[in-house]
Amino acid sequence: MPHKLPDGLPRVKCSPKTGAVLWWGDPFDGTVGMGETPISGDYSRGVAVVKPREDKLSLMPLCGVACHNGTFPPPPKDKNPRALTMHQDVVPDALNLQHGRGAIWCLDCHHPTTRNKLIDNFGKPISFNEPQKLCGKCHGPIYRDWRDGIHGKRIGEWASNGKKRWFVCTECHNPHDVQQGDRNSGFAQLEPERAPELPKGLKSADHERRDEHSATPSGEAGLLERLTRWLQRITAMARPDPVLPVPRAHATEAGRGEARLSSAPAVAPRDGNRVAGIPDQTLGVKR
């Protein structure tokens, strides 16, 4: 049975069959409606929800009040790149922004006067909860695939008109370091997690043995290989031994005679059949 735990702790569920404790969660916890979108996508047939991100940004309430309040610091006169004296923990080198290959700068994405908002192509503000509107300015094909469900991630109900929790762009990509320098990768490099614990009673992971191509053979392929070897052994045991001519005596040039091959009476083979046109020969010795 599911149990509601205090906030901040994961939910668990106990299996009545195995006694195992499983983690579970509601995909719609803490979600809100996606809001208005510039272009209708397949979410028009269902309910699309997202997790708001503005409450995760600790400095968001201060951006447009304490620092960027329209007078201090003064609004920039243009969008030409310049070195930043703040936010170096987010963008270490503003003159070498790892996004856009030098074609964009901070104010192409952030509103110049209302810094707790993003900006679209018409100078209108965009909420940080809807970064897909900003990313779609440059990444049109990716934005289209995201709307159609090809790019990105969704969880929730399977039905096309069901409720789904959508993941927005900045939940997977770091917009300030999307190129990752020499890696030129859209995803931040992650540290791999440790291997999972073996199931109870299992001493090793030999059942996951990999072949020389580093791929785990399927059960069907392994069974076929064993059957092939078994048939080869059965065929080798059933094959008759070949009848070879055996020397009866040793001939020398010292008067003990000379060896020669002569025709011998036909001898029926073991299976009672004889191949036509092939006479048997034995080794005879002339004294």
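Which residue follows H3, and what is the sign of its phi? Keep that question in mind while we walk through the structure, which is a predicted model.

Let's start with the whole chain. The protein has 287 residues, and 18% of them count as buried; here, buried means under 20% relative accessible area. About 22,500 Å² is exposed, with carbon and sulfur atoms supplying 57% of that area. The secondary structure consists of four helices and ten strands, and if you follow the sequence you meet them in the pattern β-β-β-β-α-β-β-α-α-β-β-α-β-β. Among contacts with a separation of 6 or more, 42% are between residues 24 or more positions apart.

Next, look for an open sheet. Four strands make it up, in the order E3-E4-E8-E7, and their pairing is mixed. Strand E3 (32–33) and E7 stand at the edges with a single partner strand each, so one side of each has no neighbour in the sheet. Further in, strand E4 (residues 47–50) and E8 run parallel and are joined by three bridges. To see a bridge for yourself, find Val-49, whose partner in E8 is Arg-165.

Now turn to helix H3, which spans residues 140–148 and has Tyr-143, Trp-146 and Arg-147 as its buried residues. Looking down the axis of H3, you would find these buried residues within an arc of 100°, so they line one face of the helix. Their cover includes helix H2 (131–135) as well as two strands of the sheet we just visited, strand E7 (154–156) and strand E8 (163–166).

That brings us back to the opening question: Gly-149 follows H3, and its phi is positive, near 85°.

Notes:
Residues are numbered from 1 along each chain as its sequence is written. This is a predicted model: local features need pLDDT of at least 70, side-chain atom pairs count only at pLDDT 80 or more; totals for chains, interfaces and linings use all residues. Side-chain values use heavy atoms; hydrogens and water are left out. Buried means under 20% relative accessible area, exposed over 50%, partly exposed in between (1.4 Å probe, protein chains only). The arc is that of the directions from the helix axis to the C-beta atoms. Contact means heavy atoms within 4.5 Å. Accessible areas come from the Shrake-Rupley method with a 1.4 Å probe; for residues, only the protein chains shown count as cover. Two strands pair if DSSP finds at least two bridges between them.
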